[in-house]
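I am opening the notebook on this chain and will write down what I look up, entry by entry.

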Amino acid sequence: MKLTKGKIADLLNEPGCEHNHKKGQQGKNKACTQQAKPGAAQGGCAFDGASIALVPITDAAHLVHGPIACAGNSWGSRGSLSSDATTYKMGFTTDISENDIIFGGEKRLYKGISQIIKRYDPPAIFVYSTCVTALIGDDLDAVCEAATKKFETPIIPVNSPGFVGSKNLGNRLAGESLLDYVVGTAEPEYTTPYDINLIGEYNVAGEVWSVLPLFEKVGIRVLSKITGDATFEEIRYAHRAKLNVMICSKALINMGRKMEERYGIPYIEESFYGVEDMNRCLRNIAQKIGDEALQQRVETVIAEETAKLDIALAPYRARLKDKKMVLYTGGVKSWSVMSAAQDLGMKVVATSTKKSTEEDKAKIKKLLGKDGIALAKGNAKEILRVIAKTKADMLVAGGRNQYTALKARIPFLDINQERHTPYAGYVGLIEMAKEFDRALHSPIWQQVRQPAPWEKVASSPALKDSLP
Ligand code: SF4
């Protein structure tokens, strides 16, 4: 896949993405096309985004063609788990030197591919370009094509140099590589009318394992997981599914739309967080597949699971009731986690709307109510101000905000990709309730909130006078 200006513009203007629906009208969200601003925090680069989307393919090797830091900075930053192969955990890089920059790095890349094949013999190798190797003009496509012929193993170019744009664009570039080189290249052993693909679910902390048993119970077969805990083979036959279920819809929306165009597979956007969303997800899938018996089974499973859940959650609901939370995360999670917290009886007093589409914002507004605060932009200072204003009991955000919570002397829970606890599905909600409870009721907060010894002295004239 050649990376041209036109290709990048197409991906940024992806018609499936709701950011682009308001084109020509006021209030258009320009997040997709905004250039990185020097000095501003941008999140990951396009290479980072591409590797986030593809590295969860567990039996493939992932080779980063560039200086060692590109691979080193992002490797292992996401806890995508595997039920079997561990090849994806190996950090392969060509680690190019000054010599390669002057004379070209293609030979080194070919040698790297050859070494991986000889030593590990994976079913496929994804080769990622980075800023330096794209700038010196290494022809990734040509090297991958030659290596594919020579080693008779798919060697897939992922043209995702960091400078082309954001992490989100990188996700889409990864989707293009899957569409161009992987999907549709093999056939499944058999198909059923109940085959679906999960797209944009990366099995962080093993979340996909919380929902697969539910699908199995109602009789839905997950044909391909794109890409959490996936094998390379299962993605090759993803074109035979009857429905694509987009979990993090913005990440690989181009895949959903293009698979609909190419293979006639419709797609729906769902969330696995919270009772309401999980129920809706199962109902929507059954309704889209259009089988009455399946719809009936879904209702039975929902009734069983929610009854069990009510019993399991009762002690936590009592302890969490009316606890106030500031939620600071992005995109779909801004409302899906809010919905899960509300299921537990908690109050979300503020949430962020960064990276949210107009549709996300409408859901946030509805869930927040008239007194809730929607944070369009945020930084530590703003979050501290909101915590103080709302008298929030805890902060739920990405890992780097834990120090903000410590400054405010309130509990913190990591909700982003670095977390180690799965929150998806009905069992995930129990885990989430346990984590909220642990964080909120830890005895440490009593000690932390006591005045420091010197503060006690300063506020007590009697103590002051007694000092030598
Ligand atoms: S911005 Fe470029 S140099 Fe930096 S990590 Fe991304 S690909 Fe590597």
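**Entry 1: a strand pair.** I began with strand S12, residues 394-397, and found that three bridges join S12 to S13, the two strands running parallel. Looking for individual partners in this predicted model, I noted that Leu 395 of S12 has Phe 412 in S13 as its bridge partner.

**Entry 2: the sheet around the pair.** I then asked in what order the strands of the sheet lie. The order I read is S11-S10-S9-S12-S13, five strands that form an open sheet with parallel pairing. At the edges I found strand S11 (373-375) and strand S13 (412-414), each of which pairs on one side only. From one strand to the next, I noted a twist that averages 20°.

**Entry 3: helices on the sheet.** I looked up what packs on the sheet and wrote down helix H16, residues 380-390, which touches strand S9 (324-328), strand S10 (347-352), S11 and S12. The direction of H16 makes about 160° with that of S9. I also recorded helix H18, residues 425-440, which lies across S12 and S13 and runs at about 150° to S13.

**Entry 4: a helix pair.** Turning to helix H9 (residues 208-218) and helix H13 (residues 292-320), I noted that their axes come within 9 Å and cross at roughly 130°, which makes H9 oblique to H13. Which residues make the contact between them? On the H9 side I listed Leu 214, Lys 217 and Val 218, and on the H13 side Leu 294, Arg 297, Val 298 and Val 301. Sorted by class, the contact of H9 with H13 holds five nonpolar and two charged residues, with no polar residue.

**Entry 5: an enclosed helix.** I next asked how many residues of helix H2 (residues 46-54) are buried. The count is nine of nine, so H2 is largely enclosed by the rest of the structure. The buried residues that I listed run from Ala 46, Phe 47 and Asp 48 through Gly 49, Ala 50 and Ser 51 to Ile 52, Ala 53 and Leu 54. For the elements that cover the buried residues of H2, I wrote down strand S1 (61-65), strand S3 (125-129), strand S4 (155-158) and strand S6 (221-227), and also helix H3 (68-74) and helix H8 (167-181), among others.

**Entry 6: domains.** Last, I looked up the domain assignment of the chain, which gives domain 1 as 42-181, domain 2 as 195-304 and domain 3 as 313-448. Taken over C-alpha atoms, the centres of domain 1 and domain 3 are separated by 35 Å.

Conventions
Residues numbered from 1 in each chain as written. Predicted model: local features only at pLDDT ≥ 70, side-chain atom pairs only at ≥ 80, totals over all residues. Domains from an automatic or database assignment. Pairing = 2+ DSSP bridges. Helix = DSSP H or I, 4+ residues; strand = E, 2+ residues; numbered from the N terminus. Axes fitted to C-alpha atoms, helices over the stretch in contact; angles between N-to-C directions. Contact = placed C-beta atoms within 7 Å. Parallel < 35°, antiparallel > 145°, perpendicular 65-115°, else oblique. Nonpolar A, V, L, I, M, F, W, Y, C, P; charged D, E, K, R; others polar. Buried ≥ 20, exposed ≤ 12 C-beta atoms within 10 Å, placed from the backbone.
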